[in-house]
Amino acid sequence: MCSSDLMDAASVVTATLLLAPGGVPGVEGPAAVLDFELKKDWHIYWENSGDTGLPTEFEVRTPGVEQGEPVWSVPHRILRPGDLTDFGYEKHATIAVPLSAAPESATATVRYLVCRADSCIPGVAELSLSAGTPKLYDLPTPVVAQRSGKVATVALPGVTHAEIFPDLVLSESGVSSELVDGVLTVKLAPSAHGTLLIRGKGKGGEEIGRASCRERV
């Protein structure tokens with residue numbers, strides 16, 4: 001469902017490309033950072049966009065500098081009519097690309113779908129490196145998962161509620177989870193590999209942990 005009015009994507013999404021010379025949570029060394037600011041009631045999508053969305057896609061160009069695996073903000077569930085669920089970001093989001101060295105220059109192309117309850121607008125942003133400090137919204141920090149057969153366990157001390165967000169590869173292979181006494185147990189196929197993002201909350205309802213879990217068999 002695309003918007004038929006005169007509003008364009010750039011009027012509701014502001015994307016910037018910045019440098020984090022000291023790295024980002026869980027990543028040593030510099031990183032190229034895409035920060036997104038969204039107007040109220042609008043959202044964009046994670047790399048696993050869920051049932052109805054479209055993934056945010058990007059290409060960051062850093063001549064002469066090698067890039068590592070991108071780190072995405074932990075998404076939220078976005079409930080849709082008909083028991084459908086999307087995974088994405090409201091208000092703000094970050095995608096960080098680890099670098100082997102600080103680049104002399106950087107550019108990026110970002111393609112996204114920005115939606116609200118009644119409409120969606122496709123957007124494209126061509127970005128050059130801006131001055132300033134990236135905000136690094138909700139970036140996860142790596143944790144180690146202990147893997148045994150179909151079960152991977154992650155210790156989350158003090159956490160009373162946890163949501164997991166599997167990437168598309170894991171989602172298609174099937175993932176279930178259970179949290180008991182601060183230990184999150186994730187069940188998945190023995191041959192499965194990929195990334196889980198975890199959003200944890202403590203007894204006071206505050207968000208106290210975000211984690212990225214990459215496991216390979």
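Analyst: A polar contact is a pair of N or O atoms within 3.5 Å, in which one atom must be able to donate a hydrogen and the other to accept it. The model discussed here is predicted.

User: What makes the approach of Asp86 to Gly53 a polar contact?

Analyst: A polar atom of the Asp86 side chain lies 3.5 Å from the backbone nitrogen of Gly53. The cut-off is within 3.5 Å, so the pair qualifies. The Asp86 side chain also reaches the backbone nitrogen of Asp51, at 3.1 Å.

User: Why is Asp86 called buried?

Analyst: Its relative accessibility is 0%, and buried means under 20%, so Asp86 is assigned to that class. Asp86 belongs to strand β7, residues 84–90.

User: Which residues does Asp86 touch beyond four places away in sequence?

Analyst: They are Tyr45, Ser49, Gly50, Asp51, Thr52, Gly53, His76, Arg77, Ile78 and Arg80. Each is listed because contact requires heavy atoms within 4.5 Å.

User: Why is Ala192 called buried or exposed, and where does Ala192 lie?

Analyst: Ala192 has a relative accessible area of 6%. That value falls under 20%, so Ala192 is buried. Its place is the loop between β16 (183–188) and β17 (194–201). Its C-alpha atom is separated by 20 Å from that of Ser49, the two residues being 143 apart along the chain.

User: What makes Leu136 partly exposed?

Analyst: The relative accessible area of Leu136 is 24%. Partly exposed covers the range between under 20% and over 50%, so Leu136 is placed there. Leu136 sits in the loop between β10 (119–128) and β11 (141–142). Although not a glycine, Leu136 has a positive phi of about 55 degrees.

User: How do you know which accessibility class Asp138 belongs to?

Analyst: At 21% relative accessible area, Asp138 is neither under 20% nor over 50%, and therefore counts as partly exposed. Asp138 is likewise found in the loop between β10 and β11. Its phi is near 55 degrees, a positive value in a residue other than glycine.

User: How do you know that β2 and β8 pair?

Analyst: Seven bridges join β2 (residues 31–38) and β8 (residues 92–98) in the antiparallel sense. At least two bridges are needed, so the criterion is met. In one of these bridges, Ala31 has Pro98 of β8 as its partner.

User: Why are β1 and β5 called edge strands?

Analyst: The open sheet has four strands in the order β1-β2-β8-β5, with antiparallel pairing. Strands β1 (13–20) and β5 (71–72) each pair on one side only.

Terms used: Residues are numbered from 1 along each chain as its sequence is written. This is a predicted model: local features need pLDDT of at least 70, side-chain atom pairs count only at pLDDT 80 or more; totals for chains, interfaces and linings use all residues. Side-chain values use heavy atoms; hydrogens and water are left out. Buried means under 20% relative accessible area, exposed over 50%, partly exposed in between (1.4 Å probe, protein chains only).
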